[in-house]
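Student: I would like a close look at a single strand in this model, taken slowly and in its surroundings. Could you walk me through where it sits and what lies around it?

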Amino acid sequence: MKKVLVVGGGPSGMMAAIIAARNGCEVHLFERNEKCGKKLYITGKGRCNITNATDVEELLENVTTNRKFLYSAFYSFDSFMLIDFLNDIGLKTKIERGNRVFPVSDKSSDVISALTREMNKLGVVIHLGSRVKDIKVVENKAKGIVLHDGNLIEGDSVIIATGGLSYSSTGSTGDGFKFAEKVDHTVSDTNPSLVPLVTRESFIKELQGLSLRNVKISIKANGKIIYENFGEMLFTHFGVTGPLILSASRYIIPYKGKDMTLSIDLKPSLDTKKLDNRILKDFNKYMRKQFKNALDDLLPKKLIPIIIKLSGIDEEKKVDQISREERLKLVDLIKNLTCHIIGTRDYNEAIITCGGVSIKEINPMTMESKKVDGLYFIGEVLDLDALTGGFNLQIAFSTGYLAGLAIGESEL
């Protein structure tokens, strides 16, 4: 019986362990934490956005790095196959807005429990509190692993499923990158991705806690638009976050250190003329009121003092005294609330790591290394990443599935 050693008990590692065991392998999973799925536990604010219920082409559209590499993985195990798989092992799922898939219970712990139950049922030996120090390679073939306590565990295949660098408190400290480099694999530069943005302006801090829906953002680097989209965002004490911002963070990576601005269109459904008419209508309604009391129908309460300050219009001024020029400046401000991006938060707030083990050195049909026989890399350790919405977890599950399948079908 083929002995498979899986390093890492996250989603990709658990999936690989299950599929390899279903295909007749003796499987040992080594997890450095006291339990499996520690990072999975905190995803989606503890609800766990498992995948996105959409076709393969749409899945690929949402992959931002090396999408062509994932054709085999996604076509072998797509989001609907994943949903069926989870239902079969006792996890009920539901589909929400944007085709996001969650457990019916809204508890990420139920996803981990279902995967752990299945591993136990199949006889996967789970070694908790076991950190791997090194990979044993003999004559260009993976032959086992060395634990931090010095123990050598021999095996026929080794799967690296250690994750990247994001949320290091969950155990993602880049061990897989070190293993890869030791056996002559290329690891591309890594960056925190799907991460909140840090801004320069002090007024952003004053908006802390304000959430905006259905806004449009544009990010420019050196005057050129590099990202535009609609959605939800949130102001924080250091800058901005929320689904729209997290996705945008992936696109600014090549422009770090450049002059970057974030422009927020607070009323994207109204063009300049329609917004001006709308403001005129409100000003007529509140004709005898001061400017500071005339924006309640148009903007969230917390935003009004900031917009007033930035407009340069005296807050005590009666609205019927506001000039056309002042009003048009207000229109422009609401359509283009602008701030400067000076960086991102660090890996501890990043959902994923951008960069990793070069996919040029990995077989996309099997996830096996092209340099070392019997050595596989899956999940976030690879130079693959996607936007928010369940796509990154789908990458983890699909690559894990493919590796488990390939090992089960390969000869000793």
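Tutor: What follows looks at strand β17, beginning with its burial and moving outward to its neighbours. Please keep in mind throughout that this is a predicted model.

Strand β17 covers residues 260-265, and because 6 of its 6 residues are buried, the strand is largely enclosed by the rest of the structure. In a regular strand the side chains alternate between the two faces of the sheet. Here both faces are covered, with M260, L262 and I264 buried on one side, and T261, S263 and D265 buried on the other.

Along its edges, β17 is paired with two strands. It runs antiparallel to β14 (residues 211-221), to which it is joined by 6 bridges, and within that pairing I264 is the bridge partner of I217. It also runs antiparallel to β18 (residues 337-344), this time through 5 bridges, and here M260 stands opposite I341.

These pairings belong to a wider arrangement, in which 6 strands close into a barrel in the order β13-β16-β15-β14-β17-β18, with antiparallel pairing. On average, neighbouring strands of this sheet are turned by 45 degrees against each other, if direction is ignored. On the other side of β18, 3 bridges join that strand to β13 (residues 197-199), again antiparallel, and L197 is the residue that stands opposite T344 of β18. Helix α9 (residues 243-252) packs on the sheet and touches β13, β14, β15, β16, β17 and β18, while its direction makes about 150 degrees with that of β15. A further helix, α12 (residues 324-335), lies across β17 and β18, and runs at about 110 degrees to β17.

To see what this enclosure looks like for one residue, consider M260, which is found in β17. Its relative accessibility is 3%, and therefore M260 counts as buried, the cut-off being under 20%. Leaving aside its neighbours within four places in sequence, M260 is in contact with K220, A221, I226, I252, Y255, C339, H340 and I341. Among these contacts, K220 and A221 fall within the residue range of β14, I226 within that of β15 and I252 within that of α9, whereas C339, H340 and I341 fall within that of β18. T64, by contrast, is not one of the contacts listed for M260; these two residues are 196 residues apart in sequence and 20 Å apart in space, C-alpha to C-alpha.

How values were computed. Residues are numbered from 1 along each chain as its sequence is written. This is a predicted model: local features need pLDDT of at least 70, side-chain atom pairs count only at pLDDT 80 or more; totals for chains, interfaces and linings use all residues. Side-chain values use heavy atoms; hydrogens and water are left out. Buried means under 20% relative accessible area, exposed over 50%, partly exposed in between (1.4 Å probe, protein chains only). Helices (H or I, at least four residues) and strands (E, at least two) are DSSP runs, numbered from the N terminus. Two strands pair if DSSP finds at least two bridges between them. Contact means heavy atoms within 4.5 Å. Axes are lines fitted to C-alpha atoms, for helices over the stretch in contact, and angles run from 0 to 180 degrees between N-to-C directions.
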